[in-house]
Amino acid sequence: VIKLFEEQVINNPNNIALICDDKKLTYNELNKKANSLAHLLINNGVHTNDIVCVMTNRSLETIVCMLGILKAGAAFLNVDPTYPIERTQYYLSDCKAHYVLTQKSLKETVKTIENCIEIDLDNDFYNYDFENPNVKVNPQDLSYIIYTSGSTGTPKGVMLNQVGFANMAKAMTKVLDYLKDGNKHCLVSVTSTPFDIFVYEIIVSLTHGLKILLANNAEHRNPILLDALIKKYGGDVMTVTPSLMKINYDNRLEPSALSNIKYMVFGGEPLPEKFVQDLRILSKGVTIYNIYGPSEITILSNVQNLNGESQITIGPPIMNTQIHILDKNMNRVPIGVVGEIYISGIQVGLGYLGKPEMTKEKFLPNAFGPGKMYRSGDIGKWTFDGKVQCLGRIDNQIKLRGLRIELSEIERKMESISG
């Protein structure tokens, strides 16, 4: 992934890569700052497969950290600084994070957290070590960690590798039309930083030369402020959950900045057909994509352009990825018959951090080819034109604003309360 970003730096060094809080970084400037941070981490003993936490407000520093960690050969874990400190401490202990990259403004928040490094862009270390680090990473090395709700009562960390991450970025070139002329477009980033759609939109944009307009802490929660931001900088691409877009749609001003968004990518939860119709009325000529994939599959496995489609599907699998819809006996079901969705290919992650038994239950030997096959828990069926319809869950997992929540985790927390 880093090599793909560095190609954009060579091809478009002076193009704007990132805007946040009215501050801008070109691709060359962003690369230099990420390099300086990467060298700092390397000099502090960070190695391949180490995990480094990013705990920042939504800012230029957030993206510098993600890139700097990858350039050091390590894996990043994004944590929202507004999370309860007990949950953050659990993440850091569970994944054995080497460092926590944070900001001066969060000094009080992180006062009980060890091994913090303040990475504000006014730090002196950004004035040195501008060259790309020469760090060798292997395909199965870690790229990032993401925590999802756990049925045992505690969140579980998913380990994603380098080859799946790079495949995801390259695959998007084939399926997202606007990436073919990426440097003409501006992505408006509003997704919460620990969510894998945030990882997706940042990495896909920076590996295809887009400009990223990163909404700050206030703007990404406030439809009025977000409207003003989009109008000011001309954002025309958004990647969001349907529920987050619905909040902005229902609270829009007239004329709405959402009518300027010509490419909408939806994921994380089911996309209602009526809402698609409403958005087409609001934004004439909009292209709407539906993406699907559990966190265990390096963000996504399927993409569908809904233009000209008669029904909502998640489309076919992306390159180097296979979908298997199976019955209870692990046999493939015929087209049109409902079964459970299993996913194989190089997108499949490495498993759950420190949870070998849970990994064994979900990451199965692939009965249809090499590697592992992930059991998604989603049900679906093949359409006759080779696409997949996702129809719900086989268990009591729910999605809330795109976040996976195991109801049993909530039940266990309630049971632990005395009285």
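This passage describes the nonpolar cores, one pocket and the cysteines of a predicted model.

The largest nonpolar core comprises 80 residues, and within this core F165, M172, Y200 and L206 are the residues with the most contacts. Among the secondary structure elements, α3 makes the greatest contribution to this core, supplying 8 residues. For M172, when residues up to four places away in sequence are set aside, the contacts are with L179, Y200, V204, L300, V303 and I318. Another core, of 28 residues, lies apart from the largest one, and its members include V188, L258, L282 and V286.

The second largest pocket encloses about 350 Å³ of space, and its lining is formed by 17 residues, of which V1, I2, K3, V137 and Q162 lie nearest the centre of the pocket. At least two lining residues come from each of α1 (2-11), α3 (60-71) and α5 (162-175), with α1 giving the most, namely 4 residues. In composition, the lining of this pocket divides into 10 nonpolar, 4 polar and 3 charged residues. The helix α3 is thus represented both in this lining and in the largest nonpolar core, to which α3 gives the most residues.

With respect to the cysteines, the count of disulfides in the model is 0. C116 takes part in no disulfide, the nearest cysteine sulfur being that of C53 at 8.3 Å, whereas a pair must lie within 2.5 Å to be counted. C116 is partly exposed, with a relative accessible area of 30%, and C390 is likewise partly exposed, with a relative accessible area of 32%.

Note on methods
Residues are numbered from 1 along each chain as its sequence is written. This is a predicted model: local features need pLDDT of at least 70, side-chain atom pairs count only at pLDDT 80 or more; totals for chains, interfaces and linings use all residues. Side-chain values use heavy atoms; hydrogens and water are left out. Buried means under 20% relative accessible area, exposed over 50%, partly exposed in between (1.4 Å probe, protein chains only). On a 1 Å grid over the protein atoms alone, a cavity is a set of points where a 1.4 Å probe fits but cannot get out, and a pocket is an open set with protein on both sides within 12 Å along at least five of seven lines; lining residues have an atom within 4 Å of a point. Grid points are joined across faces, edges and corners, and a volume is the space filled by probe spheres set on the points. Ala, Val, Leu, Ile, Met, Phe, Trp, Tyr, Cys and Pro count as nonpolar, Asp, Glu, Lys and Arg as charged, and the others, Gly among them, as polar. A nonpolar core is a set of buried Ala, Val, Leu, Ile, Met, Phe, Trp, Tyr and Cys residues joined through side-chain atoms within 4.5 Å. Contact means heavy atoms within 4.5 Å.
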